[in-house]
Amino acid sequence: MRIAMIGGGYVGLVSGACFAEFGTEVAVVETDPAKLAALQAGDIPIYEPGLEAIVRTNTAAGRLTFGADLAAAVRGAQAVFIAVGTPTRRGDGHADLTYVYEAARQIAGVAEDGVVIVTKSTVPVGTGREVARIVRECRPALQFSMASNPEFLREGSAIGDFLRPDRVIIGVEAPGEPQSLAAEQVMRALYRPLYLIETPIVFTGLETAELTKYAANAFLAMKVTFINEMADLCERVGANVHDVARGMGLDQRIGRRFLHPGPGYGGSCFPKDTRALTAIAADAGAPTRLIETTIAINEQRKLAMAERIVALAGGDVAGLRIGVLGLTFKPDTDDMREASSIPIIRALAAQGAEIRAYDPEGMAQAKPLLPEQVQYCAGALEAAEGCDVLVVLTEWNQFRALPPDRLADAMRGRTVADLRNIWDPNAMRDAGFTYSSIGRS
Ligand code: UDX
């Protein structure tokens, strides 16, 4: 099989590389010259564990290629995936579909009969149908079928998520009807290796597939926000949020994952997708008030975290030196999009704190987003050097193993705000710290 992947960003690159790993020939189209040159040279522009190896093997095997020429990639492809960016449009919270529709027009011009056009980016409900309409308008004679195949991978574990997903959702124009048979057959063939590991592959209508993706992300964002609120309550009433989460999560209807409290969710998906879903729902006259509230609570939480640090520091951080461990929105990524560290550090710096920061992968991405005066350090202990307060914002594994006595030696003060609960409260208190974490007393 041969497919084209339009867009070499996170989703396009990971999906392209993984489809190649499944044995398919994949031509990735990337129009940003700098990104393309890097990809062609074997440099992966993002940090994602395992991605580089999989790209290298499949490029060497000739199954994975990168180019700027959409026509060359699409000609002869049995499926064309649209995996271009869908940023939040300014003003109304809707996803900006300019790139998706532009890709649709270009694909229409060059695709061959029998092709399946697939949206892979997360797109608003109705986009698949609109893409199909645009293609038909541009080239009425082209025989093609339309599919929506949202991607559920998480950054940091993207390869595993793609190769061993919980499920695959595939929307087609008319499920089970002759006009969508080609789409169903091609998609089944592409995901063939997953049938061997008994992954549920669910065929639905286009709109259902599109909405499923938003519903899943919104639900997870809500789950995280729920446990964050429970954590705040735990602190007030002397309960332990981890035990509450475990006790709740052992109920299989709830499930244990995504009940880890923290400084608010971030990343490229939850904030964008929750905003897009509320905009879609409001337009459709069926507002999703739970999600609207989730968004508001999460925004507020990031600022509340800065206030918590200030309170811990005695009510005033002016002139204090604050060490920050972790900047990215979660570990095992260099992604800084919507990271809680941004509003938290901005607030602390605005109140006159001196900030020393360390992140294993995210510092280059962080620099343009954080105040100029932030000092970047070569390691965690260096960031802690001479600090009055130490703050943990991302739960990188390497921070878990830092010996409390080494931290104490490095620091000037003894205050620690562990906003990801990576350390044991007793061990930290034994080491002489005033230790504050989330949802446990
Ligand atoms: C998410 C979805 O999980 C994935 O299915 C979708 O395709 C894209 O969006 P990702 O953005 O990579 O993936 O990160 P995820 O691991 O889901 O974490 C999102 C945010 O929630 C992070 O800021 C993380 O720190 C936070 N989080 C997650 C918590 O605070 N607690 C948790 O228990 C889980």
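These legends describe close-up views of one predicted model.

**View 1. The whole chain is divided into three domains: domain 1 (2-199), domain 2 (215-296) and domain 3 (303-437).** The bounds come from an automatic or database domain assignment. Residues are numbered from 1 along each chain as its sequence is written. Because the model is predicted, local features need pLDDT of at least 70 and side-chain atom pairs count only at pLDDT 80 or more, while totals for chains, interfaces and linings use all residues. Mean pLDDT (the predictor's confidence in each residue, from 0 to 100) is 96 for the chain, and 100% of its residues reach 70 or more. The model has an ipTM of 0.96 and a pTM of 0.95.

**View 2. Domain 1 meets domain 3, with C-alpha centres 38 Å apart.** Five residues of domain 1 and seven residues of domain 3 make the contact. Two residues are in contact if their C-beta atoms, placed from the backbone, lie within 7 Å. On the domain 1 side, three residues are nonpolar, one is polar and one is charged. Here Ala, Val, Leu, Ile, Met, Phe, Trp, Tyr, Cys and Pro count as nonpolar; Asp, Glu, Lys and Arg count as charged; the others, Gly among them, count as polar.

**View 3. Eight strands build an open sheet with mixed pairing.** Strands (E, at least two residues) and helices (H or I, at least four) are DSSP runs, numbered from the N terminus. Two strands pair if DSSP finds at least two bridges between them. The order is 3-2-1-4-5-6-7-8. Strand 3 (64-67) and strand 8 (201-205) are the edges, each pairing on one side only. Neighbouring strands are turned by 25° against each other on average, direction ignored. Axes are lines fitted to C-alpha atoms, for helices over the stretch in contact, and angles run from 0 to 180 degrees between N-to-C directions.

**View 4. Strand 4 (residues 79-82) runs parallel to strand 5 (residues 115-119).** Four bridges join the pair. One of the bridge partners is V116 of strand 5, which pairs with A79. Helix 1 (residues 10-21) lies across strand 4, and also across strand 1 (2-6), strand 2 (25-29) and strand 3. Helix 1 runs at about 165° to strand 2.

**View 5. Helix 12 (residues 270-283) crosses helix 13 (residues 289-312) at roughly 140°.** Their axes come within 9 Å. Helix 12 contributes T274, R275, L277 and T278 to the contact; helix 13 contributes I291, E292, T294 and I295. Three of the contact residues are nonpolar, three are polar and two are charged.

**View 6. A six-stranded open sheet has parallel pairing.** Its strand order is 11-10-9-12-13-14. Strand 11 (375-376) and strand 14 (434-437) are the edges, each pairing on one side only. Strand 12 (residues 389-392) and strand 13 (residues 415-418) pair over four bridges. V392 stands opposite D418 of strand 13. Helix 13 lies across strand 12, strand 13 and strand 14, at about 160° to strand 13.
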